[in-house]
Amino acid sequence: MFEKLVGIICNYVEADPEQITEESRFMEDLGFTSFDFMSMLGELEDEFDIEVDQQEAARIRTVGEAVSYMEGLSE
């Protein structure tokens, strides 16, 4: 799931996939805007057939947190 998420992240910001780690922060490290982040969440919902809770999503800061959250939804 991490690799797939990295691919999706690269659709939204100019980031080198090799530089993205689970500790990468969406806003501070990757340069996401709030709009980018919400747009990406919509794509993740479609891609993984999950429903993201907006309040839960607002607490996600890192790529690793996003992966953990999505894995929890996929179970």
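## Notebook: loops, charges and one helix residue

I began with threonine 62, which I found in the loop between α3 and α4 (63-74). The model I am reading is a predicted one, and I keep that in mind for every entry below. Threonine 62 has a relative accessibility of 14%, and because the cut-off for buried is under 20%, I enter threonine 62 as buried. I then followed its side chain, which reaches the backbone nitrogen of glutamate 65 at 3.1 Å.

Next I turned to the salt bridges and asked myself how many the count comes to by the rule in use. The count comes to three, and I took them one by one.

For the first entry I looked up glutamate 47 and lysine 4, whose side chains meet in a salt bridge at 3.2 Å, N to O. This pair links distant parts of the chain, since glutamate 47 sits in helix α2 and lysine 4 in helix α1, 43 residues apart. I noted glutamate 47 as partly exposed at 39% relative accessibility, and lysine 4 likewise as partly exposed, at 43%.

For the second entry I checked aspartate 29 and arginine 25, whose side chains form a salt bridge at 3.0 Å, N to O. Aspartate 29 is partly exposed, with a relative accessible area of 42%, and arginine 25 is partly exposed with 36%.

For the third entry I recorded the salt bridge between the side chains of glutamate 56 and arginine 59, at 3.1 Å, N to O. Here glutamate 56 counts as partly exposed at 34% relative accessibility, whereas arginine 59, at 55%, counts as exposed.

I then looked for charge on the surface and found a negative patch formed by Glu22, Glu23, Glu71 and Glu75. I looked up one of its members, glutamate 22, and placed it in the loop between α1 (2-12) and α2; glutamate 22 is partly exposed, with a relative accessible area of 41%.

In the backbone I stopped at aspartate 49, where phi is near 55 degrees, a positive value in a residue other than glycine. Aspartate 49 is found in the loop between α2 (34-48) and α3 (54-57). Is aspartate 49 buried or exposed? Its relative accessible area is 72%, and because exposed means over 50%, I enter aspartate 49 as exposed.

My last entry concerns valine 6, which lies in helix α1 and is buried, with a relative accessible area of 7%. I also noted that valine 6 and glutamine 19, 13 residues apart in sequence, are 9.9 Å apart in space, C-alpha to C-alpha.

How values were computed
Residues are numbered from 1 along each chain as its sequence is written. This is a predicted model: local features need pLDDT of at least 70, side-chain atom pairs count only at pLDDT 80 or more; totals for chains, interfaces and linings use all residues. Side-chain values use heavy atoms; hydrogens and water are left out. Helices (H or I, at least four residues) and strands (E, at least two) are DSSP runs, numbered from the N terminus. Buried means under 20% relative accessible area, exposed over 50%, partly exposed in between (1.4 Å probe, protein chains only). Patches are made of residues with over 30% relative accessible area and no salt bridge: like charges are joined within 9 Å, nonpolar side chains (Val, Leu, Ile, Met, Phe, Trp, Tyr) within 5 Å. Accessible areas come from the Shrake-Rupley method with a 1.4 Å probe; for residues, only the protein chains shown count as cover. A salt bridge is a side-chain nitrogen of Lys or Arg within 4 Å of a carboxyl oxygen of Asp or Glu. Lys and Arg count as positive and Asp and Glu as negative; His and the chain ends are not counted. The place of a charge is taken as NZ of Lys, CZ of Arg, CG of Asp or CD of Glu. A polar contact is a pair of N or O atoms within 3.5 Å; within protein, one must be able to donate a hydrogen and the other to accept it, and residues adjacent in sequence count only if both atoms are side-chain atoms.
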